[in-house]
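Hi everyone, thanks for coming. Let me put the structure up, and then I'll walk you through a few places in it.

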Number of protein chains: 2
Amino acid sequence: MTRLRYNRPVPSNRKGSVRLSDVAAIAGVSLSTASKVLNGTDRISEATRARVLAVAERLDFRPNALARSFALGRSRTVGVLTHRADSTFSGPVVIGAVLQLGRLQQAALVFDEDVLVHREITESIRQFQARQIDGLIVIGDGHERRSPSITHHFTVPVTYAFAASDHPEDVVFLPDNEGAGALATRHLIERGRTHIAHLTGSPSSIAVGLRERGMLNALNEAGLRPAAPTRYGSWGEGSGVKAMQELLESGAKVDAVFCGNDHIARGVLDVCEAKGLRVPQDLAVVGVDNWEGIIVDQGVRRLTTIDLELRSMGQLAAANVLADDRTPGEHYVPPTLVLGPSS
Amino acid sequence: MTRLRYNRPVPSNRKGSVRLSDVAAIAGVSLSTASKVLNGTDRISEATRARVLAVAERLDFRPNALARSFALGRSRTVGVLTHRADSTFSGPVVIGAVLQLGRLQQAALVFDEDVLVHREITESIRQFQARQIDGLIVIGDGHERRSPSITHHFTVPVTYAFAASDHPEDVVFLPDNEGAGALATRHLIERGRTHIAHLTGSPSSIAVGLRERGMLNALNEAGLRPAAPTRYGSWGEGSGVKAMQELLESGAKVDAVFCGNDHIARGVLDVCEAKGLRVPQDLAVVGVDNWEGIIVDQGVRRLTTIDLELRSMGQLAAANVLADDRTPGEHYVPPTLVLGPSS
DNA sequence: CATGGTTGCGAAACCGATTTCGCAATGGCC
DNA sequence: GGCCATTGCGAAATCGGTTTCGCAACCATG
């Protein structure tokens, strides 16, 4: 009767994990052969392949990612450079990017720089280089300024999101403000509205101009014209109240308003309630940003709104930076319509 | 006249980067000595140290992080396991954690699991192990359920945030709901209020119970009692409207209300406006969540509110998982008071 | 049968750091 | 002067994979 052979773990490792050499030894092949089998490179006979795979499976072999990275020179880590990631709108972009990276088995090394110094090598850039990142995602703050291009500091792909870069060959993902304006307007037209006004924020904002253009395009397609001159203001609820009151006082015939954001739209709703205007029967209202979607889980949705798909933008940027075909230039992320009771 | 010696790069590397061996060769020391100088280990004469450091500086030597990780067996990567990271409240926690990790030069490998199967080895866990993460942060969804403890699957530290684990020795960071209730109430008392009511969400929520207790404690300290029985409801604005109307109809004397969240508080504000109650003179209002702070950049703040500091929670969890002293048990993140015009 | 190409696999170099161990020189002490 | 401990430094092993190169066996072709 033979002595029971206990299930002694195979490796004599420091961490007790199974190494490729363990697999090779047990399968009776060389290290190189085992490696080739696992990676599918080079020609290997079907018999050997099967044997190695079986042993690897049995030992639950998991290649040491650190050794692999070292040998390949690829870190499976992507740098993410944010510009005030704690701002309201950047958050979803960062989350979208980081989650997508996770799905692609890539770690994210996220640095938040207060200022992006133009074309200068910052400490963050040096860190990224030292860490041998496989790619870099630069996430802006969604404002109008172009980010300084830092692509030339890297040999790995760099993708920009939520702020244009100042180099035309860079790959950039941006919200489609023009599309948002068109989407909102077409929706209102489909709902039978023909007298549509635009109440929005600061006229100096490029985004405002683009949404305006999108709206005008959609109106033109339908042979319509704006029901009233666009009213500019600030981005707060109070501004929406004021703009709506003035619009009503102007006596213009209006059956729908496209609002620059959801705050303004809320202000409009408040005025409607105060004045006894029924929404959407008397006036349809569409906002932008979908923050009811962000904030409200249990709350009641009051608004139809345009979601600029910031999370998708981060997701697309992450997928892009690791992709093979990266078309240079600015890519616009299609917005979506979120239906609510206001239209 | 000697020929000009061009600034030929030193290394014969594949990536053209400076290796430690380059530094050592030029400084005229061995690889090991150079390594010891750079890491401060072992005894080295001042002269050699200075020489090596000077050369390293001159060549702009940056150690290859991949080789370093491999040799040390530490990946400088922390796993982050989220449970629906796109939910409203988890987002800030994830952002806080990821940014803090970046500050600590650690990459984040973020996996989002739809379900955390109790104590089972999921594919995510296997991936984390294969990637040799240096630590793991488990971020819950802020709901009441305890996350299943997965600490035993890892040899590296595991820290939980935003959901208790079901193992008492785990390190857990949670919002301080009791503290939030107390903070809000003390603030109202300091403002001279003595008739304080509580309008909140579902009575089955543990968070609600804790906030209630915090409020009662603070009232007791001041020798006060609630101005009215707590009114429960849902978490939406409509619920706040209803509760406030009922409170007024009940005839109770009330000069302040503590609301379960900012939606409810908004509903209360609306009722006040409709009934001609001045805020804060006739009625002070405090909410919870500070979503005006999250959402509004330009908007006008209407509410005083309690910020549960979710971002800080992520930050603390990240710092903790890499720290040396990790006290087991549940740690409560102190909430902050955000002053607004409603109190 | 000679030749040349293909197939299957292994030995060894390599990636770039850290770390162990040992040697020689130096210094202190009796 | 003799002995031992300390100091300063280098040779070589190590981490665990990937990859190059070459060898031997086999096959097909003329």
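Let's begin at B:Pro280, which sits in the loop between helix H10 (262-275) and strand S8 (284-288) of chain B. When I say helix or strand, I mean DSSP runs, H or I of at least four residues for helices and E of at least two for strands, numbered from the N terminus. The bond joining B:Val279 and B:Pro280 is a cis peptide, with omega about 10 degrees. In chain A, a cis peptide bond joins A:Val279 and A:Pro280, again with omega about 10 degrees, and A:Pro280 lies in the loop between helix H10 (262-275) and strand S8 (284-288) of that chain.

A quick word on what you're looking at: this is a predicted model, where local features need pLDDT of at least 70 and side-chain atom pairs count only at pLDDT 80 or more, while totals for chains, interfaces and linings use all residues. Residues are numbered from 1 along each chain as its sequence is written, and chains are lettered from A and ligands numbered from 1 in the order in which they are written.

Now, how do the two chains relate? A turn of 180 degrees with a shift of 0.0 Å along the axis lays chain B on chain A with an RMSD of 0.1 Å; the superposition is by least squares on C-alpha atoms of residues with pLDDT of at least 70 in both copies. That is the relation of a two-fold axis. The same surface serves both copies, and 100% of the contact residues of chain B recur in chain A. Contact here means that C-beta atoms, placed from the backbone, lie within 7 Å. Within chain B, B:Ala108 is the residue that comes closest to the rotation axis, its C-alpha at 2.5 Å.

On to the interface itself: 45 residues of chain B are in contact with 46 residues of chain A. On the chain B side, the elements giving two or more residues include helix H5 (90-103), strand S2 (107-113) and helix H9 (237-249). That side divides into 20 nonpolar, 18 polar and 7 charged residues. For those classes, Ala, Val, Leu, Ile, Met, Phe, Trp, Tyr, Cys and Pro are nonpolar, Asp, Glu, Lys and Arg are charged, and the others, Gly among them, are polar.

Next, the DNA. Which residues are closest to strand C? They are A:Ser30, A:Ser32, A:Thr33, B:Arg19 and B:Ser32, out of 32 that surround DNA strand C; near means a C-beta atom, placed from the backbone, within 6 Å. H2(B) gives the most to this surface, with 6 residues. By class, the surface has 13 nonpolar, 12 polar and 7 charged residues.

Last, two spots with unusual backbone angles. A:Asn290 is not a glycine, yet has a positive phi of about 55 degrees. You'll find A:Asn290 in the loop between S8 and helix H11 (291-295) of chain A. Is A:Asn290 buried or exposed? A:Asn290 is buried, because 24 other C-beta atoms lie within 10 Å; the cut-offs are 20 or more for buried, 12 or fewer for exposed and partly exposed in between, with C-beta atoms placed from the backbone. In chain B, B:Gln132 has a positive phi of about 60 degrees, though not a glycine. B:Gln132 belongs to the loop between helix H6 (123-130) and strand S3 (135-139) of chain B, and counts as buried with 23 C-beta neighbours inside 10 Å.

Definitions and conventions
Two residues are in contact if their C-beta atoms, placed from the backbone, lie within 7 Å.
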